[in-house]
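Work through the exercises below with the sequence and the model at hand. Each task is followed by its solution.

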Amino acid sequence: MGVRTVVKKVIPKSVFPVIEPYGHMGEGILYNAISGFPGKGLKVIGVTGTNGKTSTCFMIHQMLRSAGLKSGLMTTVAYGVNEDIHQQVHHMTSQPMPELMRRLKWMKEQGVDWVVLETTSQGLAQHRTWGVPFSVAVMTNVTHEHIAYHGTFEKYRDAKRKLFKLANKNRNGLRVGVINADDPSAGLFKNDIERAITYGINSGDLRATDIHQTPTGSEYRAMLVQPKAEPQELRIKCNLPGSFNIENSLAAAAVGVVIGLSRHQIEQGIASLKEVEGRMTPIDEGQDFKVIVDYAHTPDSFEKLFKDMKPMTTGKIIALFGSLGGGDITKRPLQGEIAGKYADEVIVCEEDDRQENPADIMKDITVGAERSGKVQDKDLFLVHDRPQAIQFAINRAKTGDTVLLLGKGHEKTIEHADGEHPWNEIEQAHQALRSRTLVN
């Protein structure tokens, strides 16, 4: 009986979770052995953070491709090599160990120069990246999220720090950290790695200045100042809107600096990325108001998104969202309160209820929205069914308004109590616009 057969038939899948976190480590060792340790010899850029991981990964991937390098990509949205990108269907960021090994092995066979890997706190805490040789570790930010799993913010933050400690142990890697200097946890991450380059809008080695934002993106100068080196200026054009994408593009540019790309390669690479599915995706059916699909689902991402959209909207902001069933309960009223503070109308609906009572999820959000002054059936509406809620939101929009459809983004399924069902937020938005009936 071979090792693969032992894993499949002799060791039940239920064994590994019981002995967490070492269950996944044991699984990692087994599948690395079965797959011939596919990570060996690869150069991996790991990206972690509460928000911005996916967009940052896509920017880095595109920058590497544009520079003529062969790049492998694994994110929440998609995976692949260079332009051969496949959509991610199921709800996951860090892939199960067997899938991670298969993809790394395939990428190695393709002869990739670099792998860009989106890396979650759960994956790091569970040792699901065992055997992955991180050369560069990137931190986008660390804010309130996944407290239900980790227990405390400190444990959540420290799980992310493991990426930097792993990179620091890779004696064949660059052992470099790329860190958001504007994040309160920056100093802790910096202590975890031999060498670091920091970035930010307000501080950092690589800092954005002369920022010009539009509804379709931003342009700015990035000044790199490091000890014993001449200051370097980059002129960055980012086609993804929002101040948070200025931060994400700075992270990508910093990666370009540490791996030795030229100024031209960094600038051209970031500018060549036109969009990331479900990340500030505009939906256009010829209407005279904006509809945007975005994955924002944390209090921090809400705060940044609404702050950016407020001055860019001449009419009302209509915000639609829900919250994950079985997830972090404490963030729900925060979501509701932030949306209620910035949006003119808030529509609460399902996101992924899973096994939780939908009414309880919506009530938790409503508490926060009402705390901000919103009143049910006036500027706060509860429409559980997401397709109906999207139609309701779009029917209410008028000239100059902005409709924000938040929380699902790129995801191709929606989870009910009976399991996953097909879903496409972008297509639902197009369909709702085509079926629109004006509400007076």
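A crossing of two helices is called left-handed if the near helix is turned anticlockwise from the far one by less than a right angle, and right-handed if clockwise. The structure used here is a predicted model.

**Exercise 1.** Describe how helices H4 and H11 pack, using the angle and distance of their axes.

Solution.
- Step 1: Locate the helices; H4 covers residues 53-66 and H11 covers residues 263-271.
- Step 2: Take the geometry; the angle is about 125° and the axes lie 8 Å apart.
- Step 3: Classify the angle. Angles of 65 to 115 degrees count as roughly perpendicular and those over 145 as roughly antiparallel. H4 and H11 are therefore oblique to each other.
- Step 4: Assign the hand; H4 and H11 make a right-handed crossing.

**Exercise 2.** Which residues of H4 and H11 meet, and how do the residues of this contact divide into nonpolar, polar and charged?

Solution.
- Step 1: H4 contributes Gln 62, Met 63 and Ser 66.
- Step 2: On the H11 side, they meet Gln 265, Ile 266, Gln 268, Gly 269 and Ile 270.
- Step 3: Sorting the contact residues of H4 and H11 gives three nonpolar, five polar and no charged.

**Exercise 3.** Place strand S13 in its surroundings: is the strand largely enclosed or open, and which strands pair with S13?

Solution.
- Step 1: S13 spans residues 290-294, and four of its five residues are buried, so the strand is largely enclosed by the rest of the structure.
- Step 2: Strand S12 (residues 281-282) runs antiparallel to S13 and is joined to it by two bridges. Here Thr 281 is opposite Val 293 of S13.
- Step 3: Strand S17 (residues 402-406) pairs with S13 in the parallel sense, over five bridges. Val 291 has Val 403 in S17 as its bridge partner.

Key:
Residues numbered from 1 in each chain as written. Predicted model: local features only at pLDDT ≥ 70, side-chain atom pairs only at ≥ 80, totals over all residues. Heavy atoms only, no water. Axes fitted to C-alpha atoms, helices over the stretch in contact; angles between N-to-C directions. Parallel < 35°, antiparallel > 145°, perpendicular 65-115°, else oblique. Contact = heavy atoms within 4.5 Å. Nonpolar A, V, L, I, M, F, W, Y, C, P; charged D, E, K, R; others polar. Buried < 20%, exposed > 50% of the residue type's maximum accessible area, 1.4 Å probe, protein only. Pairing = 2+ DSSP bridges.
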